[in-house]
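Please open the structure in your viewer and keep the sequence panel beside it. The stops below each give a selection to make and then describe what is found there.

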Amino acid sequence: IMTGTLSSGINAEYGDGLYLEEVEVGEEKPRQVISGLVKHIPIEEMQNRPCILLCNLKPAKMRGIMSHAMVMCASTPEKVEILAPPAGSKPGDKVTVEGYPATSVEQLNPKKKVFEGVQPDFLVSPEGHALY
């Protein structure tokens, strides 16, 4: 999990409710990411926005375009919000969870469903802070 910045190169409505985004994550070039946030977050709120990304997923083809990360969000039945990185962080900073060792894998094995196994434990506090 890393911090990034959604760039201004966001294409509104790429397909069925999808944004095609460029995300700066402190690498040589931005990552191309496709997210299904069109119905939840206006394009103006996507521009130059700090975010948190899951970057070691296997790249996935969506509508013929490769997506190289997942924009992390919190949601309720009424609202979806992009997770904001800690104050002072810059693109490419690793996001860790207090009390858990900071290990990383180059790419998660999609057959092992690692993310799907931990996703239910991602929560949001009443103050709006991401918890695990």
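The tour goes from the whole chain to the sheet, then to the cores, and finally to single residues.

**Whole chain**

Residues are numbered from 1 along each chain as its sequence is written. This is a predicted model, in which local features need pLDDT of at least 70 and side-chain atom pairs count only at pLDDT 80 or more, while totals for chains, interfaces and linings use all residues; side-chain values use heavy atoms, with hydrogens and water left out.

Begin by colouring the chain by pLDDT, the predictor's confidence in each residue on a scale from 0 to 100. The protein averages 82, and 77% of the residues score at least 70. Confidence is highest in β1, at a mean of 94, and lowest in helix α1 (residues 114-118), at 63. Where pLDDT is low, the predicted coordinates should not be read in detail.

Next, switch to a cartoon view, taking helices (H or I, at least four residues) and strands (E, at least two) as DSSP runs numbered from the N terminus. The protein has one helix and 11 strands, and along the sequence these follow the pattern β-β-β-β-β-β-β-β-β-α-β-β. Of its 132 residues, 30% are buried, where buried means under 20% relative accessible area, exposed over 50%, and partly exposed in between (1.4 Å probe, protein chains only).

**The five-stranded sheet**

Select β3, β2, β1, β4 and β7, which in that order make up an open sheet with antiparallel pairing; two strands are taken to pair if DSSP finds at least two bridges between them. β3 and β7 (70-71) stand at the edges with a single partner strand each, so one side of each is left without a neighbour in the sheet.

Now go through the sheet pair by pair. Strand β1 (residues 2-6) pairs with strand β2 (residues 19-24) over two antiparallel bridges, and L6 stands opposite V23 in β2. From β2, five bridges lead to strand β3 (residues 31-35), again in the antiparallel sense, and here E21 has V33 in β3 as its bridge partner. These two strands, β2 and β3, form a hairpin with six residues between them, and G26 in the turn has a positive phi of about 75°. Towards the other edge, strand β4 (residues 49-54) and β7 are joined by two antiparallel bridges, with L53 opposite V71 in β7.

**The nonpolar cores**

Which residues touch the most other members of the largest nonpolar core? Select L6, V23, L37, M46, L53, V71 and I82, which do so within a core of 18 residues. A nonpolar core is a set of buried Ala, Val, Leu, Ile, Met, Phe, Trp, Tyr and Cys residues joined through side-chain atoms within 4.5 Å. The elements β1, β2, β4 and β9 (80-82) each give two or more residues to this core.

Centre the view on I82 and display its contacts, meaning heavy atoms within 4.5 Å. Leaving out residues up to four places away in sequence, I82 touches L6, L37, I41, M46, R49, P50, C51, V71, M72 and C73. Apart from this core lies another, of five residues, including I52, L54, M72 and A74.

**Two charged-residue stops: R31 and E24**

Select R31 in strand β3. Is R31 buried or exposed? It is buried, with a relative accessible area of 17%. The side chain of R31 makes a polar contact with the side chain of E27 at 2.8 Å, a polar contact being a pair of N or O atoms within 3.5 Å; within protein, one must be able to donate a hydrogen and the other to accept it, and residues adjacent in sequence count only if both atoms are side-chain atoms. Beyond its neighbours within four places in sequence, R31 is in contact with E21, E22, V23, V25, C55, H68 and A69.

Then move to E24 in strand β2, which is partly exposed at a relative accessible area of 34%. E24 and T5 are 19 residues apart in sequence, yet 5.2 Å apart in space, C-alpha to C-alpha.

**Positive phi in the loops**

Most residues other than glycine have a negative phi. Select N48, in the loop between β3 and β4, where phi is positive and near 50°. R63, in the loop between β5 (60-62) and β6 (65-67), is not a glycine either and has a positive phi of about 55°. N48 counts as exposed, at 52% relative accessibility, and R63 counts as exposed at 52%.
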